[in-house]
Amino acid sequence: MADEGKSNPMRDIKVDKLIINCCVGESGDRLTRAARVLEQLTGQQPVYSKARYTLRTFGIRRNEKIAVHVTVRGEKALEILERGLKVKEYELNARNFSETGNFGFGINEHIDLGIKYDPTTGIYGMDFFICLTRPGARVAKRKVRQGRIGKAHKVTKEDSIKWFQDKFEGVVLA
C-alpha cells in the first residue's frame with residue numbers, strides 16, 4: 001500500500017524559532033546600544049530582560065535591566081542562523097545540543113555577522129538558541145482540545161544533530 005520512495009512529511013524537522021540573547025550585565029547606555037545592534041540584525045524590536053536577584057560582586061540589582069533578546073521565526077530565522085553558523089564555520093560541539101532536540105551557540109563579535117562596525121556602538125557578543133520541532137507540535141500548545149505528543153514524534157538530540165549535519169553540512173565535534 002505505502003509507497004517506498006516517499007518519506008513521511010510529518011517527520012520533517014523545521015526551525016520553530018531562533019532566540020538571540022545579548023547580555024550586557026548592566027543597564028544604561030551599553031544596553032540600549034546592544035538593543036540597537038539586535039534591531040539592526042533582525043529588524044524587530046528587542047525585549048529587555050531583568051535580573052532575577054541582586055549580585056553585589058557584579059554590581060547587579062534585582063529587577064535591573066541587564067540583557068536584551070529577540071525571537072525570530074520563519075525564513076528570517078533560517079537566514080540569520082546561516083550567518084551565525086558561518087561565523088562558527090559550521091562546527092558545533094556535541095554538548096551544544098540538548099536532549100529535547102534544541103541547540104545553541106555563542107559568538108564573540110556581532111560584526112562577524114555582516115553588520116558594519118560603528119565606533120559609537122562598540123562590539124557585542126550574543127547567544128543563538130534554536131528550537132526545532134516537527135509538524136503537529138501545536139497539538140500540545142493549543143488551548144482547546146489539547147493533547148500530548150508521543151515519544152516517537154518528539155525531536156531528540158540525535159535527530160537534531162542529524163538535521164544540522166544534513167541541512168548545513170555541519171560538523172559535530174565530540
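With Asp, Glu, Lys and Arg counted as charged, and Ala, Val, Leu, Ile, Met, Phe, Trp, Tyr, Cys and Pro as nonpolar, the pockets of this predicted model can be sorted by what lines them. The second largest pocket is a good place to start. Its lining splits into 6 charged residues and 2 nonpolar ones, with no polar residues at all. The residues in question are R11, I13, R134, D159, K162, W163, D166 and K167. By that scheme, I13 and W163 fall on the nonpolar side, while R11, R134, D159, K162, D166 and K167 make up the charged side. As for space, this pocket comes in at about 160 Å³.

Then there is the largest pocket, with a volume of about 360 Å³. Two or more lining residues come from each of β1 (14-23), β6 (126-133) and α3 (138-141). Of the elements involved, β6 chips in the most, with 3 residues. The full lining runs to 15 residues, and those nearest the pocket's centre are T100, L132, T133, A137 and K141. Here the make-up is a mixed bag: 6 residues are nonpolar, 5 are charged and 4 are polar.

Turning from pockets to the outer surface, Y53, L55 and F58 get together to form a nonpolar patch. This patch covers about 340 Å². One of its members, Y53, sits in a loop, namely the stretch that links β2 (47-50) to β3 (65-72).

Notes
Residues numbered from 1 in each chain as written. Predicted model: local features only at pLDDT ≥ 70, side-chain atom pairs only at ≥ 80, totals over all residues. Heavy atoms only, no water. Patch = residues over 30% accessible without salt bridge, like charges linked within 9 Å, V, L, I, M, F, W, Y side chains within 5 Å. Areas by Shrake-Rupley, 256 points an atom, 1.4 Å probe, with all protein chains shown as cover. Salt bridge = Lys/Arg side-chain N within 4 Å of Asp/Glu carboxyl O. Helix = DSSP H or I, 4+ residues; strand = E, 2+ residues; numbered from the N terminus. 1 Å grid on protein atoms, 1.4 Å probe; cavity = no way out; pocket = protein on both sides within 12 Å on 5 of 7 lines; lining within 4 Å. Points joined across faces, edges and corners; volume = space filled by probe spheres on them.
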